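Q: Please take a close look at one helix in this predicted model. What does it pack against, and what else does it help to form?

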Amino acid sequence: MNFKNTKLKLTALIATLAIPLTLSLYTPSMNVADATTHRYLVAYSDTQGKQNIENIAGQSNDIHTFNHLNMLAVNLTNDQKNNLATQSGITSIEQNTTYTSAAQAFGGNIKTVNVKGNEQASWGYGTIDAQIASNDNYTGKGVKVAILDTGISAHSELNIAGGVSEVGYTQSYADDNGHGTFVAGVIGAQSNGKGLVGEAPDAQIYAVKILDSQGNGSTEDLAKGIDWAIQNHMDIVNMSIAFPEDSPVVEQVLASADQNGILLIAAAGNKGTADASTDTVQYPAKSSHVIAVAAIDDNLQRADFSSSGSEIELAAPGVDIVSTSSNGKYELRSGTSVAAPFVTGMAAILKEAYPGSTNTQIRQALDQGSIDLGATGKDNLYGNGMISFQHLLGKSSILASN
């Protein structure tokens, strides 16, 4: 028997068996940091805080700096986030959240319609006395309106002054959903003889694309859109969007926009219940810095889908309204998304007529000039009431003394 060969074979066998044994002993004890990153919005109080964010996040990070807020958007691992929370100058860390269907749904009654030349094709324009403004030759000229939405498509009726895309997959602010184009037409469809005339046809409309083709959007992109509006000196921001949860970070940006003189207007939401006994107003309309707009039908009754709650400030037409379509034609739709731009268009007219008025003064005038509906005084269905031009223009205007 060859003891030498047997010894060599036994040695090799032991070595082979030892390899998996060694791995099995060491693998569970390895302390490997979780490299998964999430997107965060991090606020800071001073330059040291900002430097701490940049140092911990790393130079290769996709860092976004906000122009009008001490805040950065960064990708962080859980360990980096926990480390950052202990650093000086850091005031808050909020994870970016994406919500589905943030564009306010219009329901199932979307229809293609025909429009005659120079026609305000919806009952809503007459109901709010829009002819008072046009008779006085007020068209919103020189007023800058940002529409934070799915973008705006080219249309023969729309004159898009500019814009930006804040969504990651495209640099174009063109509308690949249809929602933003419809909202734009209610406000600014041109008086060009081709068809629909909007409430403020000469307002400067800016497309701020913060929602994707499915109408989904994030808190970061909403904050970026508002920051862009501040940076580009918008007079009014229309947000026909709704998030189910408040965002402390977005709230800071809304406050900054308000302080910079921008009038903020948003759809209250389409989460209304039949008995309207619960508060269903969605964000950003829930913010005290924003006018929350409910929808009414042509009988001046609250639309059954319209959200209700103490934050409701104004009501406007929002059922079976005609506006511009992203396919170059016209559509009939319903929703609080439709009601909000009626308020925006009226605000643009007031800003043209009384250019020295502040956003606060225009907001107060809209409230005071509204027609009371429902229970006497402000209520959870109609707020202060339905918007109307009746007491907003001319010598008897609420704003005349400003």
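A: Start with a cut-off: angles under 35 degrees count as roughly parallel. Helix 7 and helix 8 pack at an angle of about 15°. They are therefore roughly parallel to each other. Their axes are 9 Å apart. Helix 7 passes helix 8 in a left-handed crossing.

Now the residues in this contact. Helix 7 supplies Thr219, Leu222, Ala223, Ile226, Asp227 and Ile230. Helix 8, residues 248-259, supplies Val250, Val253, Leu254, Ser256 and Ala257. By class, eight of the contact residues are nonpolar, two are polar and one is charged.

Helix 7 also helps to line the largest pocket. This pocket has a volume of about 190 Å³. Its lining holds 14 residues. Nearest the pocket centre lie Glu166, Val167, Gly168, Ser218 and Asp221. Two elements give two or more residues to the lining: strand 10 (217-218) and helix 7 (219-231). Helix 7 provides the largest share, three residues. The whole lining has three nonpolar, six polar and five charged residues.

The second largest pocket has a volume of about 160 Å³. It is lined by 13 residues, and Gln120, Ser134, Val197, Gly198 and Pro201 are the closest to its centre. Here the lining divides into six nonpolar, six polar and one charged.

Terms used
Residues numbered from 1 in each chain as written. Predicted model: local features only at pLDDT ≥ 70, side-chain atom pairs only at ≥ 80, totals over all residues. Heavy atoms only, no water. 1 Å grid on protein atoms, 1.4 Å probe; cavity = no way out; pocket = protein on both sides within 12 Å on 5 of 7 lines; lining within 4 Å. Points joined across faces, edges and corners; volume = space filled by probe spheres on them. Helix = DSSP H or I, 4+ residues; strand = E, 2+ residues; numbered from the N terminus. Nonpolar A, V, L, I, M, F, W, Y, C, P; charged D, E, K, R; others polar. Axes fitted to C-alpha atoms, helices over the stretch in contact; angles between N-to-C directions. Parallel < 35°, antiparallel > 145°, perpendicular 65-115°, else oblique. Left-handed = near helix turned anticlockwise from the far one by under 90°. Contact = heavy atoms within 4.5 Å.
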